[in-house]
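Good morning, and thank you for coming. I would like to take a few minutes to walk through one model with you.

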Amino acid sequence: MKQLILFVLGLTLISCSTKTTTESPKSGGIWHLSDGIFNSDGTSKKAVIGEDSDLKIAMDFFYAYEQLEPEKMVSLSEDVIKFHPGDLAGVFDVDASNTDFIDERQSTFETIERTVVNVTPLAVEGSKNYTVVEINFTEVITHKDGSSTSAHYFERIHVENKKVNRVVQWMRPM
């Protein structure tokens with residue numbers, strides 16, 4: 001009888017030790033792209049956390065702009081980048097094989113100070129070569145004439161095959 005009670009007590013303890021925490025989702029959302037990245041059953045691919053190596057490329061690109069290092073930005077980019085600026089309407093094909101565009105855009109800047117709020121690297125489930133790094137930040141630019149401008153940005157830096165190929169910005173003044 002004593003052995004039976006110990007056996008039942010042991011089973012009770014084992015059954016009580018099962019995990020009660022829920023596992024967080026590994027993928028989610030809907031990812032529809034114009035080139036038709038879908039699962040074989042026609043459903044959308046999901047978003048997953050992107051690769052750390054792509055995150056590093058995007059952040060190096062991001063900080064190179066802040067540090068007024070256009071050569072570094074060029075080294076991290078494809079030869080042509082699609083640029084959706086937050087302060088202008090439209091999408092521009094930027095020749096990123098040289099620093100001309102960046103030099104012109106930064107020609108009145110003395111310094112740039114960016115404060116990052118958050119960064120999230122997202123990828124399409126199953127992708128090994130494509131990450132979109134979303135960066136929420138504030139930016140204060142001091143111009144050579146002593147004036148300054150400031151804005152809050154949400155920026156998406158697209159990294160494909162280890163090179164930046166698109167930068168999309170949304171901006172609001174501060």
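Before we look at a particular side chain, a term is needed: a polar contact is a pair of N or O atoms within 3.5 Å, and within protein one of the two must be able to donate a hydrogen and the other to accept it. With that in mind, please find Ser107, whose side chain reaches the backbone oxygen of Glu104 at 3.0 Å. Please also keep in mind that this is a predicted model.

Where does Ser107 sit? Ser107 belongs to the loop between α4 and β5. Is Ser107 buried or exposed? Neither label applies, because its relative accessible area is 36%, and Ser107 is therefore partly exposed. Across the fold, the C-alpha atom of Ser107 is 8.7 Å from that of Lys144, although 37 residues separate the two along the chain.

Let me now step back to the chain as a whole. There are 4 helices and 8 strands, and from the N terminus their order is α-β-β-α-α-β-β-α-β-β-β-β. The chain has 174 residues, of which 34% are buried. Of the contacts with a separation of 6 or more, 49% are made by residues 24 or more positions apart.

I turn next to the interior. The largest nonpolar core contains 27 residues, and Phe61, Ile135, Ile157 and Val164 have the most contacts inside it. At least two residues of this core come from each of α2, α3, β3, β5, β6, β7 and β8. The element that gives the most is α2, with 7 residues. A second core, separate from this one, has 6 residues, including Leu122, Val124, Tyr130 and Val132. To return to Val164, its contacts beyond four places in sequence include Ile57, Phe61, Leu76, Ile81 and Ile157. Val164 also touches Ser77, Glu78 and His158, among others.

The next topic is the largest pocket. Rolling a probe the size of a water molecule over the atoms shows where empty space is left. The largest pocket holds about 440 Å³ of space. Its lining is made up of 27 residues, and those nearest its centre are Tyr65, Phe83, Arg105, Arg114 and Gln169. Elements that give two or more residues to this lining include α2, α4, β5 and β8. Which element supplies the largest share? That is β7, with 6 residues. By class, the lining has 16 nonpolar, 5 polar and 6 charged residues.

One of the residues nearest the pocket centre, Arg114, deserves a closer look. Arg114 lies in strand β5. Why does Arg114 count as buried? Its relative accessibility is 10%, and buried means under 20%. Leaving aside residues up to four places away in sequence, Arg114 touches Phe62, Tyr65, Glu66, Phe137, Thr138, Glu139 and Glu155. The side chain of Arg114 also reaches the backbone oxygen of Phe62, at 3.0 Å. Finally, Arg114 and His152 are 38 residues apart in sequence, with a C-alpha to C-alpha distance of 9.5 Å.

To close, I would ask you to keep two residues in view: Ser107, in the loop between α4 and β5, and Arg114, in strand β5. Thank you for your attention.

Notes. Residues numbered from 1 in each chain as written. Predicted model: local features only at pLDDT ≥ 70, side-chain atom pairs only at ≥ 80, totals over all residues. Heavy atoms only, no water. 1 Å grid on protein atoms, 1.4 Å probe; cavity = no way out; pocket = protein on both sides within 12 Å on 5 of 7 lines; lining within 4 Å. Points joined across faces, edges and corners; volume = space filled by probe spheres on them. Nonpolar A, V, L, I, M, F, W, Y, C, P; charged D, E, K, R; others polar. Buried < 20%, exposed > 50% of the residue type's maximum accessible area, 1.4 Å probe, protein only. Contact = heavy atoms within 4.5 Å. Core = buried A, V, L, I, M, F, W, Y, C linked by side-chain atoms within 4.5 Å.
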